[in-house]
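Let's take a walk through this fold together, strand by strand. Have the structure open and turn it as you read.

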Amino acid sequence: WRVEQAERAAFLIDAEDYYRAFYDAIAQARYSVHILGWDIDSRVDLLRVQKPSHTSESPPTILGELLLALVRQRPDLHIYALAWDFARVYALEREWIPKFRIAWQSHDKLHIYMDDQHPQGGCHHQKVVVIDDHVAFVGGLDLTQSRWDTSEHRLEDTRRTNSDGKAYPPFHDVQIIVEGKV
């Protein structure tokens, strides 16, 4: 379509860095956020360390609460999310759709869609976030459970738990952040 030069670009190694950068970027969103993921879970805690105290100036750190708070506070902001309409084999690992829809679709500026248009045995696997057509994240990390980890990947880390309090093993992946017309 076209080629553009990024104003800035950086690699974000592991979800501790990605989730922090995503949180900081979305907290500045003014008119649009597009989230595309294999899985998106409204219960994921984006910041496991150095959390801001929740005030009217600092949004919540739980993804679903954060998205709702932002669309409620900003009259021009619309958030769009598209996740894979997953196979039954993953049903126990992912947020249940009725809970997902009730929690997130309670606002007319929060648009949540499930992609079920894929071949038998295939899936929608992209992980992309675009904020205000100026900041974008692309890589292997979803905004979901069992992804947050530090680059240390300690076998025992009390911060590496899901919303139900269950621990999960170390997880490694990478994102890139770009800013500008890209």
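A good place to begin is the pairing of β6 with strand β7 (residues 174-179), which is antiparallel and held by 5 bridges. Within this pair, Phe137 has Ile177 of β7 as its bridge partner. Please keep in mind that you are looking at a predicted model.

On to another partner of β6. The strands β5 and β6 also run antiparallel, joined by 4 bridges, and here Val130 sits opposite Ala136 of β6. The hairpin that these two strands form has 3 residues between the strands, and in it Asp132 adopts a positive phi near 55 degrees.

From β5 you can step across to β2. These two strands pair in the antiparallel sense, with 4 bridges, and Val33 finds its bridge partner in Ile131 of β5. The pairing of β2 with β3 is parallel instead, and it covers 6 bridges. Look there for Leu36, which faces Leu82 in β3.

Now zoom out to the whole chain. How many helices and strands does the chain have? There are 3 helices and 7 strands, and read from the N terminus their order is β-α-β-α-β-α-β-β-β-β. Of the 182 residues, 46% are buried. Among contacts with a separation of 6 or more, 74% link residues that lie 24 or more positions apart. The chain has an accessible surface of about 10100 Å², and carbon and sulfur atoms account for 54% of that area.

With the strands in place, let's look at what is packed inside. The largest nonpolar core contains 38 residues, and Phe22, Ile35, Leu46 and Phe137 have the most contacts inside it. Two or more residues come from each of α1 (15-26), β2 (32-37), α2 (63-73), β3 (78-84), β4 (110-115), β5 (128-131) and β6 (135-139). The biggest contribution is that of α1, which supplies 8 residues.

Phe137 deserves a second look, as you have now met it both as the bridge partner of Ile177 and among the core residues with the most contacts. Which residues does Phe137 touch, once its neighbours within four places in sequence are set aside? The contacts include Tyr18, Ala21, Phe22 and Ala25, along with Val128, Val129 and Ile131. Ile176 and Ile177 are also in contact with Phe137, and so is Lys127.

That last name leads to a lysine worth finding on your screen. Lys127 lies in the loop between β4 and β5. Is this residue, Lys127, buried or exposed? Lys127 counts as buried because its relative accessible area is 8%, and the cut-off for buried is under 20%. Beyond its neighbours within four places in sequence, Lys127 is in contact with residues including Leu36, Gly37 and Trp38, as well as Val138, Gly139, Gly140 and Leu141. Gln175 appears in the contacts of Lys127 and in those of Phe137.

To finish, turn to the outside of the model. Phe11 belongs to strand β1 (residues 8-13). Phe11 is classed as exposed because its relative accessibility is 64%, where the cut-off for exposed is over 50%. Together with Ile13 and Val174, Phe11 makes a nonpolar surface patch of about 280 Å².

Note on methods:
Residues are numbered from 1 along each chain as its sequence is written. This is a predicted model: local features need pLDDT of at least 70, side-chain atom pairs count only at pLDDT 80 or more; totals for chains, interfaces and linings use all residues. Side-chain values use heavy atoms; hydrogens and water are left out. Patches are made of residues with over 30% relative accessible area and no salt bridge: like charges are joined within 9 Å, nonpolar side chains (Val, Leu, Ile, Met, Phe, Trp, Tyr) within 5 Å. Accessible areas come from the Shrake-Rupley method with a 1.4 Å probe; for residues, only the protein chains shown count as cover. A salt bridge is a side-chain nitrogen of Lys or Arg within 4 Å of a carboxyl oxygen of Asp or Glu. Buried means under 20% relative accessible area, exposed over 50%, partly exposed in between (1.4 Å probe, protein chains only). A nonpolar core is a set of buried Ala, Val, Leu, Ile, Met, Phe, Trp, Tyr and Cys residues joined through side-chain atoms within 4.5 Å. Contact means heavy atoms within 4.5 Å. Two strands pair if DSSP finds at least two bridges between them.
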